[in-house]
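Here is a protein chain to look through together. Take a moment to turn the structure around before reading on.

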Amino acid sequence: MKTSRDQVGFDFVGRQAELRMVAAALRHKPAVVFVEGEAGVGKSRLLREAAILLEDEGVGVLIGWCHPLREPLPFGPVVDALRQARSLLPQHVHLPPLTAVLSPYLPEFEDCLPVPTSLLEASDQRHSLMRAIYELLSRLGPVVLAIEDVHWADDATRELLLLLARNPPQHLRLLFTYRTQDLPQHGNVLGAPYRRPVGVGGTEAQLRPLDQEHVRELASTALGPQLAGTLTLPLLERSGGLPLVIEEDLLVLRSLLGRTAQDMTAALQEMAVPRALQESVNSRVSALPEDGAAVTQVASVLGVPVGEGLLAEMAGLSEDRAEAGLTAALRSGVLREIPGGRYGFRHVLARRAVYDRISGPRRRRLHQRAIEVLTRGRSADALVQVAYHASQLGDTAAWLRHAWEAAVHAIDVGDDGVAASLLQQLLDERTLPAERRAEAAVELSRIAARRVDPADSIERLRRLVADPQLTSAVRGEIRLGLSRSLIHQGFPEGVAEMERAAAELAPVRPDLSAVALSALCAGNFLDRRAVQDRADIAEAVRLAKDTDPVTLSTVLANKITLLTALADPEADELLETLPTQHLDLQVRRQCARALGNAASNMAWAGRTQKARALLTQARAMARETNYPQIEEHCALVQLGLDFQAGPWEQLRERAEAIAPHAAASSGLQVEPLLVLAWLDIAQGHWSRARQTITTRLLPYGYFDGVVAGRAALARIDILEGRPERAWKTVQEALVVQRRRGVWSLATSVVSTAVLAALLCGRRAEAEALADEAARELVGCDAPDAQAEVLVCRGLLAAGSDVDEGVRLLSRGRAIFLADTRNYRAARTAEQAGRCLLAAGRPAEAVGHFQDALEVFERLGATAGASHCQQALRECGQPSAPRGRRSYGSALSPREQQVAELLATGATNREIADALALSPRTAEHHVARTLKKLGVTRDGVGERLRRS
C-alpha cells in the first residue's frame, strides 16, 4: 500500500531523530523495530513517515491493526496487512502447498495460492496458518510488516509475531507499535521476553510528548507563525504535548481562521479541559450531515472496523444514503478507511469521544440493533461482539449466554487469549450457574497450561482450587492445569501441585490422575528422585488400564521418556510398542512426543546412532500430525548432536535464534543455552559462558541444565587455573546428581569433578567418586557416561602408571569417536597428551596433541587449538615458520580471535588464558587489534558487527 503525503496531514515535527533511527533500522534486513508511546503521542505518524521513505526506496510497507474488541480470528492483524501485499509478490513465484490454508483469508491471492487439498481441525489449522503466513512473507521480497497497537493483540497474533521476530525471513522487517501501560500483565510486547537473534537488526524508539518549541512549530504549519505565537501555550497546556490532541485542536482552530487571535484563544479555552480530544472530534461530527453523524455513531457503538453494508443496516439507511454519509465522515477525518473495505476511527480515543456524546436511549437502541443484526447471520466471528453489546445493555442473562458461546468458539479456533478473557469475565459474574462455573474454570485451567505466558491466569486458578463448592473431580482438573502453568513459568511449587492433583483425581478421574503422575515422572524435576519416579510410573500404568487410547498413549510416552532418561534397556522394547499407526490424531501425537523425548535422552546418554534414527522418525510423525512443538524439540536435539560432532559453522547463530523461541522457563531452554555456553568455553569466551550459565540457564531449575551447567562452570574454573573453586562448584552439581539419582545424563560432571579433585590433591575423593559413578551405571545403556568413567580411571591411573592411564583414556576416546562425539574425543586426546608430557615423555605426547589439534581447528575450538599449539611447543615442535604473511591493516587470524574475545568483555588476562599466551603477548595483540579497528575496547563489538 503506497503511502502519500496527503494521507499524513500536518507537517511532521519533533520526531526527525526518531524517524532517522527507525528508517535506518528498517533498511537492515532482517530487522525488528519497537515503537513505544502513550495514546496520541505519534506512533502511527512516525510509521507513515518511515513508510514514505522506504517505499521511495523500493521497500513495500504492509500495515495491520490490533483492536481492543478482539474477534476469535487468529492472526487477524497480520492477515489484514497481507491483504495489501498482492502487488508485492513477484511474478512466477511458486508458493508451497501449505499456503493453501490462506485461501479463505486472502481472496486477493486467489490466482496464486495452491488449491486446498483437505480440511484441518481448528487446533491444527492455527499452526498451519502460522507456517503458511511465514512462507508467504518470505516470498514477498523486501517488505516491512508493521503491526500497530500490539498491546491489544490476541495471544494467537502475539505468538505469530514472536515467531517472526525470533526467526524472520531474510528480507522481512518488522515494526511494532504499542503502549506499555496497556500491555498484558506479563509486560512483554510479544507475549514472552524477546532478544534479537544474531544477524537481526533493529532498534527501540520511545516517543515522548512534544515540547513547547515543537508545539509552536506544529501550530505554525496549521495557523501561521503569528497565531502560533499566541496559541502555543494554551495548546500545550490542553494537550500535554500529545501530537494527536494538538492536531485535533488545530483542526477546530483552522476552521476559525479569519477571526482574531483573541477570538481563537477564547474558542480554545471554551473547550472542556482536559477533554480536548473529545470536543475536537465531536465538533467535526456535529458538522456532518445527518446520515454522516448516524454512520459515525453506529461505528462508535460497534467498536471495531466494519464494512459499509453493516454500517448501513445498523443506521437504517439505504445504500445511497449510507454511502453519502460515510463519504462525509471520511472527508472530515472522523472515520478512515482500513484495507479490506472496512471503516473505523483513527484511534480509540476518537471512538470514545463520539460514543460518550450519544444519548443513553440512543446508545441502548443501537446496542440492541447490533445484537439483532450480528446474530441474524449467526456468524461465528461476531460472537464476541454480540456478548459485548449484551454487556453494554446490562442484560446479564443474555451476556452470560453469548459470552459462553463466544468462549467456546474461541477455544474451537485456538484463540486462547480471547477465550481466557471471556472465561475470566464469566467467572467474575456471581450469577453464573454452578455447573457453568465449573466448566469455565476447567476450560480456563486447560488454556493456562498451554499458553506461552499463563501468568495472567495463575492467580485466578489458585483462587478457584480453593473454592469449597467445587467437586473433587473439577478441583483436581483445575489443579492439574494450575500445576502445568506453574511448571511452565518455572515456579517450584508446580511439582507439589501436580502431586496433589494426581492424588485428588485418583478416586474420581483415574485417567487424569495417570496423566498427572506420569507427567511428574517424565519432567526430570530437581526435587524428584528416580526411585520415586519408577514407583509412580508403575502406578500411572495401573490407573490408565482400561482407559481411552489417548490416556494410554500419553502414559506410555511418559514412561518411555523416564526410562530413556534412566538409560534403562526396557525403553527399547517399549518403543517398539508405540501405536504409531493409530487412527486417532492425538494418539499419534503422543507417539511423536515419545520418539522425540527418547531421541533427546539417548543423545545425552551417548547412543548417538539410535538417537539420530529416532529423531528422523519423530520429525516425520510431527510433520504428519502437524505438531510443531515436537518439530522444535527435534531441532533442539539436533543442535546438541551437531555441537558434539561438528561442524560448528553457523551453530551459534542457530542456538541464538532458538534459545529465545523455546518456551520461557521450560526445559526447552536447556539445550540451546548449553550449546552457547559450550561454544564459548571451546572458543575462549569464558566470561560470556559464565554469564549465560548463571543468568540464563541455572535459574530455570531443570536437572540436566543445573548439573551440566555447574559442570561447565567448574570446567571454566579449571581452565582459568582455579581448581579449588572448580571443586567447590562441582560439589553443588554432585549434590543434585545424587539426590536425583539419574547418572546416565550426567555426562561430564564426574570427569570434571575427578580432574578438579586431582588438581587439588584430593586423590581419595576422586577415586571414591569414580567408583560411585561406576556402581550407579551398572545395567545402564549409556555409552557416554561409561566413557566418562574410563576417563576418570585414566586420569587416576596416570599418576602411578602413565601407560595404563593413557590406555584407559584411549578406550574412552574410542567410545566418544564411535558415537561421533568428536569434540569430547579431542579433549580426551589432549588429556592423554598432557599425562605423557607430565611424565617426561614429550615425544609420545606429540601424536595425541596433533590429533586433538586437528579436530579443534576443524571445529573452530579456538581455545583448545591454542592450548594444543602451546603444548606442542613444549614438546619441542617448531613454531610457525619465519617470514609470516603480512596482513597490513587487516586483522590476522590471531587478532581476529582477540577481537572476538574483546567483544565479549574479556580482560587481557582472560585473553591470555584462553589463547595460551603470556600476559605481555596478549597485551601486544590487544593493542594491535584496537589500533587496526580504530576503536576503544567498548567499541569492538559494534565494529565487528558492522564489518
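What follows is a short tour of this chain, from its overall build down to single residues.

## The big picture

First, keep in mind that this is a predicted model. The chain is built from 46 helices and eight strands. Its C-alpha atoms fit in a box of roughly 105 × 75 × 50 Å along the principal axes. A compact globule of 947 residues would have a radius of gyration near 30 Å, and the chain comes in at 32 Å, which agrees.

How much of the chain is buried? Of the 947 residues, 59% count as buried. The accessible surface adds up to about 38700 Å², and 50% of that belongs to carbon and sulfur atoms. If you take the contacts between residues at least 6 apart in sequence, 69% of them link residues at least 24 apart.

## Two covered helices

Start with helix α3, which runs over residues 43-56. From first C-alpha to last, its 14 residues reach 20 Å, close to the 20 Å expected at 1.5 Å a residue. This helix is mostly covered, with 11 of the 14 residues buried. Among them are Leu46, Leu47, Ile52 and Leu54, but also charged-end names like Lys43, Arg45 and Glu49. After α3 comes Gly58, with a positive phi near 90°.

Now jump to helix α24, residues 510-522. Its 13 residues should span 18 Å at 1.5 Å a residue, and the end C-alpha atoms are indeed 18 Å apart. Here 10 of the 13 residues are buried, so α24 is largely enclosed by the rest of the structure. Leu512, Val515, Leu517 and Cys521 are among those buried residues. What do the buried residues of α24 pack against? Their partners are α22, α23, α25, α26 and α35.

## A look at Ile716

Ile716 belongs to helix α34, which covers residues 703-719. With 0% relative accessibility, Ile716 counts as buried, because the cut-off for that is under 20%. Leaving out residues up to four places away in sequence, Ile716 touches Ile681, Trp686, Ala689 and Arg690. Ala682 sits 34 residues from Ile716 along the chain, and their C-alpha atoms are 9.8 Å apart.

## Rings and charges

The structure has eight aromatic pairs. One aromatic cluster brings together Trp604, Phe643, Trp648, Trp678, Tyr823 and Phe856.

Rings also turn up beneath charges. The charged end of Arg336 sits over the ring of Trp65, 4.6 Å from the ring's centre. Arg351 does likewise with Tyr355, its charged end lying 5.8 Å from the centre of that ring.

## Odd spots in the backbone

Two peptide bonds leading into prolines are worth finding. The bond from Lys29 to Pro30 is cis, with omega near -10°, and Pro30 lies in the loop between α2 and β1. The bond from Gly646 to Pro647 is cis too, with omega near 0°. You'll find Pro647 in the loop between α30 and α31.

Next, look for positive phi values outside glycine. Asn524 has a phi near 55° and lies in the loop between α24 and α25. Asp546 has a positive phi of about 70°, and its loop runs between α25 and α26. Which of these is buried or exposed? Asn524, at 11% relative accessibility, counts as buried, whereas Asp546, at 73%, counts as exposed.

Terms used
Residues numbered from 1 in each chain as written. Predicted model: local features only at pLDDT ≥ 70, side-chain atom pairs only at ≥ 80, totals over all residues. Heavy atoms only, no water. Helix = DSSP H or I, 4+ residues; strand = E, 2+ residues; numbered from the N terminus. Expected span 1.5 Å × (residues − 1). Buried < 20%, exposed > 50% of the residue type's maximum accessible area, 1.4 Å probe, protein only. Phe/Tyr/Trp six-rings, centres within 6.5 Å; stacked < 30°, edge-to-face > 60°. Lys NZ or Arg CZ within 6 Å of the ring centre and 35° of its normal. Rg over C-alpha atoms; globule rule 2.2 N^0.38 Å. Contact = heavy atoms within 4.5 Å. Areas by Shrake-Rupley, 256 points an atom, 1.4 Å probe, with all protein chains shown as cover.
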